[in-house]
Amino acid sequence: MRRLIAFGLAVLIAAVSGAQLKVAKDPLEWGTLPEIPDALGYGGPMAGVHNDALIVAGGANFSKGAPWEGGPKQWYSDIWVLPSKEATEWIDAGDLPHALAYGTAISTEGGVVLIGGQNDDVVYDEVLRLTWDPDSQKLSIEELPDLPAPTAFAAAGLMGDSVYVASGMQSSRASDDVHGFWKLDLSAENDDDPATDFTWQELDVYPGPARHKAVSAVQAIDGEDSFFLFSGEISDPADPSVNGLSYLTDGYRYDVKTATWHELNEIPHPIAAAAALAFGQAHVLVFSGSTGEHVTKPVQDRPRFTKDVLAYHTITDTWVKASEMPEAVVTTSAVNWDGDLVITSGEVKPGVRTRAVQIAKQITPPSGFGGWDWVVVAVYMGGLVWMGWWFSKREKSTDDFFLAGKRIPWWAAGLSIYATQLSAITYLSMPAKSFSGNWLIYWSLLPILMIAPFVIKLYLPFYRRLNVTSAYEYLEKRFGVSVRLYGALAFVAFQLARMAIVVLLPAQALTVITGLPIEWAIIIMGVVSIAYTVLGGIEAVVWTDAIQAIVLLVGLFISLGIVLMETGGPAVLINEAMSAQKFEMMTNTASLAELAWWTILIGSFFGVLGPYSTDQAVVQRYLTTKSEKAAAKGIWLNGLLSIPGAALFFLMGTALYVFFKMNPQDLSVGMNNDKVFSVFLASQLPVGLSGMVIAGVFAASMSSLDSSLHSVSTVAITDFYGRFGKNVTDASKLRLAKLMVVVVGIAAIGVSWWMSQQTTPSLLLAFQKWLGLLTSGLVGVFLMGIFFSRVGARGALAGALVSSAALWWVAESGLVNLYLYSIVGIGACLITGLLVSLTEKKGDVEGLTYWTLNKLEDEDAEGA
């Protein structure tokens with residue numbers, strides 16, 4: 001009786017918890033695929049995807065009568081294949097070696113791996129792999145190493161090339177659970193190394209009791225995959241009051257990197273035998289599940305299983321209700337089929353199956369961005385164009401268009417540099433870093449201030465005293481025209497691609513916030529930036545950037561203030577964040593391949609040296625002030641702003657963690673982590689304020705885009721048309737410069753639009769990676785020009801080439817983390833250049849190196 005009362009209390013608590021479960025916006029749109037070609041459907045089928053075909057194998061049902069009528073369970077060996085989502089009929093692909101159900105299926109590149117399972121006679125330890133050949137329409141079966149023990153109703157997942165299994169029952173007796181956790185490295189299958197053992201490894205087991213019908217999924221925590229294990233059933237034959245079963249609400253995470261288990265928050269109610277799948281970058285969806293609420297009722301009187309789809313968020317360790325299934329099922333698989341979620345057949349209530357194959361597509365919930373918000377954005381955009389028109393009145397020559405007649409105050413130049421480097425990607429992604437992780441990456445921002453004296457002392461004098469318009473004019477004076485062309489071409493190629501990216505990624509976020517189609521977000525940002533840049537030249541660009549830097553920071557302060565009010569104030573926020581170690585900054589490791597605070601700091605010093613010393617978009621700001629001293633003040637202002645500014649962005653991400661931990665229903669289920677700030681802006685800001693902050697997002701994107709547009713135009717005219725053209729007049733250069741802004745802007749819009757239509761998620765990363773290799777040698781070339789008098793053109797070009805090759809090798813090998821790439825690239829460039837210089841004659845470098853800099857006079861120094 002005591003156990004019955006205890007079980008009743010557990011069910012009541014689960015019911016109360018379920019009633020309090022918060023509900024998120026539904027991210028799924030449900031449909032169906034052709035039904036399984038069996039009269040009743042199956043319980044315990046094993047499903048997966050290979051070569052874009054859905055494979056379903058085995059299963060069990062009660063085709064000879066319901067269990068409450070004494071009908072025996074029937075077991076099947078059928079294998080069915082649906083060759084595509086558009087197919088209307090299943091293909092009979094043969095049979096398993098024997099009837100099998102309640103095993104676990106994992107989709108891999110090499111095929112669908114079936115793990116364990118049972119039939120009426122035996123529980124198996126076998127592991128099979130099913131492979132589908134779409135050309136011959138044939139299915140093959142091969143054996144993989146047996147499990148350490150037989151298991152059914154197990155839970156499994158794939159991380160990298162390894163399959164992980166939390167074992168279930170080892171016999172047909174429900175009380176015979178195995179407390180095991182095993183791993184099979186599939187990459188070892190074809191490894192010729194005799195030391196490599198292609199067998200299952202036994203790992204440390206999870207802290208909770210052995211169980212069956214547990215639920216598992218693989219999902220990331222701060223970019224690192226983990227194995228999640230939830231719920232399950234425990235058998236206790238000595239307790240007939242609850243049919244000998246207890247239903248669990250515990251959860252655990254296995255960290256592969258540290259090989260340790262971590263206990264998670266309680267699940268709102270048991271979810272035994274549910275299907276589960278990773279969704280987006282940080283959610284796990286759990287479909288239906290057995291709560292145990294009706295386990296004491298006669299089988300025929302038990303209702304259908306719950307239709308609820310729960311969403312677990314791996315970062316905040318929270319649960320919400322995300323959707324409802326059209327038909328609830330348990331003891332089946334959830335499969336990711338090219339981005340869609342597919343659930344095949346299953347058990348709708350004890351003893352009853354379904355033939356239905358359900359498919360769910362991810363949708364974007366409607367935005368709350370309103371009319372008044374659009375008014376604010378429109379007024380802001382209109383103001384930018386008006387500024388371009390206003391400054392156009394002062395534009396008489398290329399000196400005005402390219403250098404603003406050197407009329408820019410130092411503080412405006414500093415704000416413009418800050419806004420140029422703070423793209424919308426940074427504006428949105430920096431809070432996402434501390435939301436999903438901690439403050440470790442904050443070390444990468446400190447070198448922006450650290451390099452200021454180096455830029456002022458070592459680079460600025462050359463640009464100012466040589467009276468150049470383009471940074472790459474220095475390279476011709478120092479090395480010759482070939483090196484100048486290398487620098488200019490590398491810069492232009494990088495900027496053309498960068499423009500597309502700095503427009504596309506914010507456009508994706510703006511689509512989430514505003515509901516605006518991504519094509520229109522791209523067009524609006526592109527057209528407005530082109531308009532005021534063409535009209536007002538660099539003067540309009542600098543002043544709009546200065547205003548946009550202020551808008552960015554004001555928007556950030558507003559958002560942070562709202563979060564503080566919603567979460568109970570600074571004390572609550574800090575306590576919650578500290579308990580979750582969100583302020584951690586001192587991660588340390590001796591491995592150069594992993595992130596540590598010191599590798600980030602040192603690597604970032606050389607990483608940020610490039611943009612602030614060789615990037616025309618930044619260097620051009622140095623040339624718009626009236627003197628070298630004024631430019632130096634602007635550089636210091638940018639550096640001083642970067643430290644507290646970055647701290648605000650990281651604090652915003654930490655605040656978002658606390659906010660969404662308290663309000664998990666407001667997260668967009670299935671979102672990418674870098675959209676967390678966007679989701680907050682869309683859902684939490686009042687009408688009007690939302691428009692102002694979104695204007696800040698537009699501003700961040702356009703402050704980078706306008707700089708790229710203008711600097712590419714400057715380089716094209718100065719380093720190509722002006723350098724090689726004949727009978728070139730200042731008026732013709734000015735006309736062509738404006739035309740270049742338009743042409744390059746339209747190209748950037750076009751490439752952004754094209755990239756937005758691509759479905760390859762790694763496209764942007766690959767694009768950035770290869771273009772980074774293209775420009776990697778520039779920093780080394782400038783360093784050789786300034787410090788090493790002997791290095792000539794051959795050495796400079798050879799160094800740039802080897803630098804790119806070295807970076808490509810390092811990126812492919814994974815020997816060092818990405819923050820150290822810049823050290824490798826610069827080091828390879830310098831060493832190669834110095835070696836090649838031994839074969840060169842030393843040229844005339846008067847006034848062109850640090851050692852002969854005093855030969856140049858700072859003609860406008862007194863104007864500071």
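**View 1. Met525 sits in helix H10 of this predicted model.** Helices here are DSSP runs of H or I with at least four residues, strands are runs of E with at least two, and both are numbered from the N terminus. Met525 is buried, its relative accessible area being 0%; buried means under 20%, exposed over 50% and partly exposed in between, with a 1.4 Å probe and protein chains only. Setting aside neighbours within four places in sequence, Met525 is in contact with Val503, Ala507, Leu510, Phe698, Ser701, Met702 and Leu705, where contact means heavy atoms within 4.5 Å. For a sense of scale, the C-alpha atoms of Met525 and Tyr42 are 53 Å apart, with their positions 483 residues apart along the chain.

A note for all the views: residues are numbered from 1 along each chain as its sequence is written, and side-chain values use heavy atoms, with hydrogens and water left out. In this predicted model, local features need pLDDT of at least 70 and side-chain atom pairs count only at pLDDT 80 or more, while totals for chains, interfaces and linings use all residues.

**View 2. The largest nonpolar core has 151 residues.** Helix H10 (residues 518-567) gives the most to this core, with 17 residues. A nonpolar core is a set of buried Ala, Val, Leu, Ile, Met, Phe, Trp, Tyr and Cys residues joined through side-chain atoms within 4.5 Å. Look for Tyr622, Phe680 and Val781, the residues with the most contacts inside the largest core. A second, separate core has 19 residues, among them Ala311, Ala322, Ala334 and Val348.

**View 3. Helix H19 (residues 777-787) is mostly covered, and Val781 is one of its buried residues.** Ten of the eleven residues of H19 are buried, including Leu778, Phe782, Leu783, Met784 and Ile786. Glycines are on that list too, namely Gly777, Gly780 and Gly785. Beyond its neighbours within four places in sequence, Val781 is in contact with Leu475, Phe479, Val483, Tyr486, Ala796, Ala800 and Cys829.

**View 4. Phe720 lies in helix H16 (residues 689-724).** With a relative accessible area of 25%, Phe720 is partly exposed. Not counting residues up to four places away in sequence, Phe720 touches Leu485, Ala488, Leu489, Val715 and Gly725. Leu489 is 231 residues from Phe720 along the chain, and their C-alpha atoms are separated by 9.7 Å.

**View 5. Asp161 and Ser162 can be viewed together, one in a loop and the other in a strand.** Asp161 belongs to the loop between strand E10 (155-159) and strand E11 (162-166), whereas Ser162 is in strand E11. Asp161 counts as partly exposed at 48% relative accessibility, while Ser162 is buried at 8%. Leaving out residues up to four places away in sequence, Asp161 touches Leu184, Asp185, Leu186 and Ser187. With the neighbours within four places set aside, Ser162 is in contact with Gly157, Lys183, Leu184, Asp185 and Leu186. Ser187 is 26 residues from Asp161 in sequence, and the C-alpha to C-alpha distance is 5.8 Å.

**View 6. Gln137 and Gln581 each have a positive phi.** Most residues other than glycine have a negative phi. Phi of Gln137 is near 60°, and phi of Gln581 is likewise near 60°. Gln137 is in the loop between strand E8 (127-133) and strand E9 (138-144), and counts as partly exposed at 34% relative accessibility. Gln581 is in the loop between helix H11 (570-579) and helix H12 (597-614). At 58% relative accessibility, Gln581 counts as exposed.

**View 7. Stepping back, the whole protein has 21 helices and 28 strands.** The radius of gyration is 31 Å, close to the 29 Å that the globule rule gives for 864 residues, so the protein is as compact as a globular protein of that length. That radius is taken over C-alpha atoms, and the rule is 2.2 Å times the number of residues to the power 0.38. Along the principal axes, the C-alpha atoms fill a box of roughly 100 × 65 × 50 Å. Of the 864 residues, 59% count as buried. Among contacts between residues at least 6 apart in sequence, 71% join residues at least 24 apart.
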